[in-house]
Amino acid sequence: MRAVSTRPPSLNNHRGPGERAAALAASWCSRRIGSAYGRSAWQLLADAARLGLVRHGRPEAWAAGAVIAVARLNGLLGAGRAITAQQVADELDVTLGALAVTEQQLARALNVSSYTSPRPLP
């Protein structure tokens, strides 16, 4: 039996995969490409979670898929651009395959073109 004085488990442990994925994607985008892109990625994953799409899999993979979807829509993805898929995969510790699968699932379930950022990259 645990002592009464022990701290309760962190609330982060109780967040669903969609919430964790949205937070990861928004944080990554805000740090690397700007807060407007972070809001777009967060909204994309929040909508996907509401539809029940983000139930299984690692939150990092969903975050990476959302980052790539937002970057692709805004012309930020590819050689000589702001980011590459490999960079996102490496920084979020996922494989390119996992990133591609989650991006495709998001694109099939949602009209991802509506998640473009309102401002250009700084």
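**Close-up views: salt bridges and the nonpolar core**

R58 is partly exposed, with 40% of relative accessible area. Keep in mind for this view and those that follow that the model is predicted.

**View A. R58 meets E60 in a salt bridge.** The closest N and O atoms of this pair sit 3.4 Å apart. E60, the acidic partner, comes out at 25% relative accessibility and so counts as partly exposed; that value falls between the 20% and 50% cut-offs. R58 is partly exposed too, at 40%. As for the general idea, side chains of opposite charge can pair when their charged atoms come close. The count of salt bridges for the model comes to 4, and two others get their own views below.

**View B. R32 and E91 join up through their side chains in a salt bridge.** Here the N to O distance is 3.1 Å. R32 belongs to helix α1 (residues 17-32) and E91 to helix α4 (residues 85-91), so this pair ties together parts of the chain that are 59 residues apart in sequence. How accessible are the two ends? R32 has 40% relative accessibility, which makes it partly exposed, and E91, at 39%, also counts as partly exposed.

**View C. R50 and D47 pair up within helix α2.** Their side chains form a salt bridge with an N to O distance of 2.4 Å. Both residues lie in α2 (residues 35-50), 3 residues apart, or about one turn of the helix. Is each partner buried or exposed? R50 counts as exposed because its relative accessibility is 59%, over the 50% cut-off. D47, on the other hand, counts as buried because its value is 17%, under the 20% cut-off.

**View D. The largest nonpolar core takes in 34 residues.** The residues with the most contacts inside this core are L44, L45, I83, V88 and L106. Which helices feed into it? At least two core residues come from each of α1, α2, α3 (59-73), α4 and α5 (96-109). Helix α3 gives the largest share, 10 residues.

**View E. A closer look at L45, one of the core residues with the most contacts.** Set aside the neighbours within four places in sequence, and what does L45 touch? Its contacts are A21, A22, A25, V54, W62, A63, A66 and L106. L106 is itself on the list of residues with the most contacts inside the core, so look for that pair when comparing this view with View D.

Technical notes
Residues numbered from 1 in each chain as written. Predicted model: local features only at pLDDT ≥ 70, side-chain atom pairs only at ≥ 80, totals over all residues. Heavy atoms only, no water. Helix = DSSP H or I, 4+ residues; strand = E, 2+ residues; numbered from the N terminus. Buried < 20%, exposed > 50% of the residue type's maximum accessible area, 1.4 Å probe, protein only. Core = buried A, V, L, I, M, F, W, Y, C linked by side-chain atoms within 4.5 Å. Contact = heavy atoms within 4.5 Å.
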